[in-house]
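Hi everyone, thanks for making the time. Please bring the viewer up on your screens, and I'll walk you through a few places worth a look.

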Amino acid sequence: MNVIVLGYGNPFRMDDGVGPVGACAIAEWFEKSGHEVTTWIGHQLLPEVVLELEGRDLAVFVDATIEEHPDGFAIYEVLPSVATDGLNLHTCTPGWVKHIAMQMSIAMPKMIMVTISGANFDFGDSLSELCLERLNKAIESFKKYFVDNLC
Amino acid sequence: MTEVFKLEINPVTRIEGHGKITVMLDESGEVQETRFHVTQYRGFEVFTQGRDFREMPVITPRICGICPVSHHLASAKACDDILGVTITPAAHKLRELMHMAQIVQSHALSFFHLSSPDILLGFDAPVKIRNVAGLVDRYPELAKKGILLRKFGQEIIQTLGGKKVHPWHSIPGGVNRSLTPQERDSIAAQVLEMKPISLEAIKLIKDYLEEGKDEVKEFATLDTAYMGLVRDGKLELYDGDIRIKAPRGRILDEFHPKDYLEYIGEHVEPWSYLKFPFYKALGFPHGSYRVGPLARLNAADEIDTPEASKEFALFKEVGEDGVVPYTLYYHYARLIEVLYGLERIEQLLADPDIISSDLRITSKNINPEGIGIIEAPRGTLIHHYWVNESGVIKKVNLIVATGHNNYAMNKGVELVAKKHIKGTDVPEGVFNRLEHVIRAYDPCLSCSTHALGKMPLKLELVASSGEVIKEITRN
């Protein structure tokens, strides 16, 4: 399977950097499992990312959130979203990426979102203990999700 | 006491960085005064003091997330000057290749992502759709082409410098890597696909300028001088001499970049962190000039790549004496430079030096100061460092493109405000026109941090007493 794992966020604002950290961990797992994998790391999603997804079998987005989830994280399939309130170059969402891909007639792979609740977004280049714990659970849960739903 | 009302657009959206516009109205509702404020302070000139000058090409690109290559290259040139070296032809061409890629990607961002929603969807289109998302919905094929063009430039930067944003390629005395033949051939194949996109965009903007010529010719049109690098009178973006041309086309001065302090002064206003550079011979404000794509094409006599040269000739026909004063023509000039950048990339790739391994000149010499000047996408960028005998930075002077255009942006806002604003009931489209004056210059108000993510637009109507009479927030 040809997989791209996209992690985004600011690694110098503590838990906002969980996206890049999580993306690298998930990509490593895919690679060890024998899949062809590409890792994309950025501060934020941009419209250009749509071109990175073309021709893949699966795209996994990993990002931090300020929302609280019961397990500290959530995993779900990305659906196209046309919501543009407040949209600018710094607030693209995976859903909007999927939407513009459809508008541009670019075939998109199945897209999965792994979103992890951050606990501390202060200055710093490490994750809080709570966020790290949530990340580890999210990764294990994603592996199971992949095996159960995507293999 | 005379009642004064103040309208504020804060922050201005779809530009790089954060600024605000204030419009002051008198008691009869007439525009009294306008200001474009730059509300960020970065402090790079201060906190780089005490660092080794060799670190500057890595530190200064952090000023910006859109044009880090420009700072990287200007800084490296200043470091070459401190070392007293002339870099090898291969290093020169590789630096220029990265620079052209930066011009292409940055101009594509400015036109397709930031400005074309106003142009294609209209200044008065609902704010909800007047953005890149609306553009994708209405013109998906064009939007895709804009994305492809930007990606092309970014990938050249990544190939040479390891990263699309904040690459590391230039070093004092040269560059740290060349292109492989495979990389060269890959870029050469892609550039052929990019040229038709730039030509299509040029046609689109020309049609727009022609159809709306009445508004275009009076939209923030200014008589200013123009400044840009030239080499033997031709458009030059990496090297060359600085030329200042008068509003009617007379060359006021042409000088070596190292002499810039003799010709350029900086005026300070207490309400903005951005200074107002001016041509010393005429003083401030008469010596105010513009930089960037429009100014560069006005300053130059010709372009030496074939397709861009043809378009340049058409551009020159628009204004009298070969000078185009119309602010909305910045977009046209910007797209001509995209075409020029693509053609220069073709030329550079065809040069055997581009895969050479002769990349660096070393030197133990440390001159007391170094100056590096290039044409960043938004205009002339100046890095000037003073160092001690060990190479430790004592003082830094950075004059960025947006600063050169500060006076023009302020005057442009004033002209549009005076034309469209009568009283406090101001339609949304008028505010967008004020913002578009700024957007046309594609200012970069230092854009590497956007921690809040969303940019709300806030409009305040404030009495002279400070009381907020009316407040509108746009998310």
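Let's begin with A:M14, which is buried, with 22 other C-beta atoms within 10 Å. Buried here means 20 or more other C-beta atoms within 10 Å of the residue's own, exposed means 12 or fewer, and partly exposed is in between, with C-beta atoms placed from the backbone. A:M14 sits in the loop between strand 1 (2–8) and helix 1 (18–32) of chain A. Its phi is positive, about 45°, although A:M14 is not a glycine.

Some housekeeping. This is a predicted model, where local features need pLDDT of at least 70 and side-chain atom pairs count only at pLDDT 80 or more, while totals for chains, interfaces and linings use all residues. Residues are numbered from 1 along each chain as its sequence is written, and chains are lettered from A and ligands numbered from 1 in the order in which they are written. Helices (H or I, at least four residues) and strands (E, at least two) are DSSP runs, numbered from the N terminus.

Now over to chain B, which has 15 helices and 19 strands. Of its 475 residues, 51% count as buried. Take the contacts in chain B between residues at least 6 apart in sequence: 70% of them join residues at least 24 apart. A contact means C-beta atoms, placed from the backbone, within 7 Å.

Next, please find helix 6 of chain B, residues 140–161. Its 22 residues reach 31 Å from first C-alpha to last, close to the 32 Å expected at 1.5 Å a residue, where the expected span is 1.5 Å times one less than the number of residues. Is this helix mostly covered or mostly open? Mostly covered: 16 of the 22 residues of helix 6 of chain B are buried.

What does it pack against? Helix 7 of chain B (residues 181–211), at an angle of about 150° and with the axes 10 Å apart. That makes the two helices roughly antiparallel, a label for angles over 145 degrees. Axes are lines fitted to C-alpha atoms, for helices over the stretch in contact, with angles running from 0 to 180 degrees between N-to-C directions. Among the residues that meet are B:L148 and B:F152 from helix 6 of chain B, and B:I187 and B:M194 from helix 7 of chain B.

Just after helix 6 of chain B comes B:G162, with a positive phi near 85°. A little further on is B:H166, in the loop between helix 6 and strand 5 (170–171) of chain B. B:H166 is another residue other than glycine with a positive phi, near 55°. It counts as partly exposed, with 18 C-beta neighbours inside 10 Å.

Then B:K234, in strand 8 (residues 234–235) of chain B. B:K234 is partly exposed, with 16 other C-beta atoms within 10 Å. Leaving aside neighbours within four places in sequence, what does B:K234 touch? B:K234 is in contact with B:A300, B:D301, B:E302, B:I303 and B:D304.

One backbone detail for the force-field people: a cis peptide bond joins B:F284 and B:P285, with omega about 5°. B:P285 lies in the loop between strand 12 (276–279) and strand 13 (289–290) of chain B.

Last stop: helix 11 (residues 306–318) and helix 12 (residues 329–349) of chain B, whose axes come within 8 Å and cross at roughly 160°. That makes this pair roughly antiparallel too. Thanks, all!

Key:
Parallel < 35°, antiparallel > 145°, perpendicular 65-115°, else oblique. Contact = placed C-beta atoms within 7 Å.
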